[in-house]
Amino acid sequence: MKLITATNYSDMSRIATEIILKRIKSSDKLTLGLATGSTPIETYQYMIEDYQQNKTDYHHVTTFNLDEYVGVGPTDRTSYYYFMKSKLFDHIHIPREQTHIPNGLANNLEDECSYYENKIKNQGGIDLQLLGLGSNGHIGFNEPGTNFDIKTHVEQLTEATRSANARFFDSLEEVPTHAITMGISTILQSNEILLLVSGEKKSSALTKLLKDTKLDPSFPASSLHNHPNVTIVADQEALQYANLT
Ligand code: F6R
């Protein structure tokens, strides 16, 4: 694992944007895995700024988002579909049919999971996967206890995750109980992983990830130790207890 230390959230976002744009500009065909949540918001803002200034070409880029809530539709403001549209896709010129997010309204969720997994496979896999870190160590919505071999599946969200994400909803009761998520094995099949970590509330999870290389299903992010090409960009608040010096 390579660790890049950022001074703060903006610096982390700027470094992440540089890495992503470098891959976009240096390839003829690129498949990006994308995340939602608070962590990548400013990265997406920097990508939009870059697009406005440099008209960066996205025609060769295909995206797959990590996850979507079950029971939430594209027009719902709390859906990850809506998040991606409003925070990135509406502001850069990427063909909409090249952007993929699981369908949380699918009648048959199991079929939707296999369909999504196969779409990633048929695309040739993910070149660069962007990840955030859950305070409980989840990646995607793979909650503690998830098998490392698992592919795209429906996951029951822990109460900790529902509470952490309640800020995007009017009340805790409205936070969905389940989500479709790429599995740990789907994520680990990416060629390259970029994990962004910011803020004090991630510091204990990040410290555990950096200090303890043991593979432990109760801490899903530990599966990243099995991947040969992981870059972590973390800010000083997130690193404050890691004592890496
Ligand atoms: C988001 C996702 C989650 C988040 C994680 C951190 O698509 O899969 O794993 O990355 O919950 O969320 P934030 O960034 O809101 O702290």
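**Local environments in the predicted model**

Lys55 is exposed, with a relative accessible area of 52%, a value that falls in this class because the threshold for exposure is over 50%. The structure described here is a predicted model. Lys55 is found in the loop that connects helix H2 (41-54) with strand S3 (61-65). Although Lys55 is not a glycine, its backbone adopts a positive phi of about 50°.

Helix H2 also contains Tyr51. In contrast to Lys55, which is exposed, Tyr51 is buried, with a relative accessible area of 14%. Residues up to four places away in sequence being left aside, Tyr51 touches Thr56, Tyr58, His91, Ile92 and His93. One of these contacts, His93, is separated from Tyr51 by 42 residues in sequence, while the C-alpha atoms of the two residues are 8.2 Å apart in space.

An open sheet of 3 strands is present, with the order S4-S8-S7 and antiparallel pairing. Its edge strands are S4 (67-69) and S7 (153-156), each of which pairs on one side only. On average, and with direction ignored, neighbouring strands of this sheet are turned by 30° against each other. The pairing of S4 with strand S8 (residues 178-181) is antiparallel and extends over 3 bridges. Within this pairing, Asp67 stands opposite Thr181 in S8. Helix H4 (residues 109-122) lies across S7 and S8 and runs at about 120° to S7.

Asp67 also belongs to the surroundings of the ligand. Around the ligand there are 14 residues, of which Thr39, Asp67, His138, Gly140 and Lys202 come nearest. Three side chains with polar atoms placed close to ligand oxygen can be described individually. A polar side-chain atom of Thr39 lies 2.4 Å from an oxygen atom of the ligand. For Arg167, the distance between an N or O atom of the side chain and an oxygen atom of the ligand is 2.7 Å. For Thr36, the corresponding distance from a side-chain N or O atom to a ligand oxygen atom is 2.8 Å. On its own the ligand has 410 Å² of accessible area, and the protein covers 95% of it.

His138, one of the residues that come nearest to the ligand, is also touched by Thr161. Thr161 is placed in helix H5 (residues 159-165) and is buried, with a relative accessible area of 3%. Apart from residues up to four places away in sequence, Thr161 touches Asn136, His138, Phe141 and Glu143. With Glu143 the contact includes a polar one, in which the two side chains are 2.7 Å apart. A further polar contact, of 3.0 Å, joins the side chain of Thr161 to that of Thr158.

Helix H7 (residues 203-211) provides a further example of burial. Its buried residues are Ser203, Ala205, Leu206, Thr207 and Leu209. The elements that cover these buried residues include strand S9 (192-197), strand S10 (230-235) and helix H8 (236-239).

Definitions and conventions. Residues numbered from 1 in each chain as written. Predicted model: local features only at pLDDT ≥ 70, side-chain atom pairs only at ≥ 80, totals over all residues. Heavy atoms only, no water. Pairing = 2+ DSSP bridges. Helix = DSSP H or I, 4+ residues; strand = E, 2+ residues; numbered from the N terminus. Axes fitted to C-alpha atoms, helices over the stretch in contact; angles between N-to-C directions. Contact = heavy atoms within 4.5 Å. Buried < 20%, exposed > 50% of the residue type's maximum accessible area, 1.4 Å probe, protein only. Polar contact = N/O pair within 3.5 Å; in protein donor to acceptor, adjacent residues only side chain to side chain. Near = heavy atom within 4 Å. Areas by Shrake-Rupley, 256 points an atom, 1.4 Å probe, with all protein chains shown as cover.
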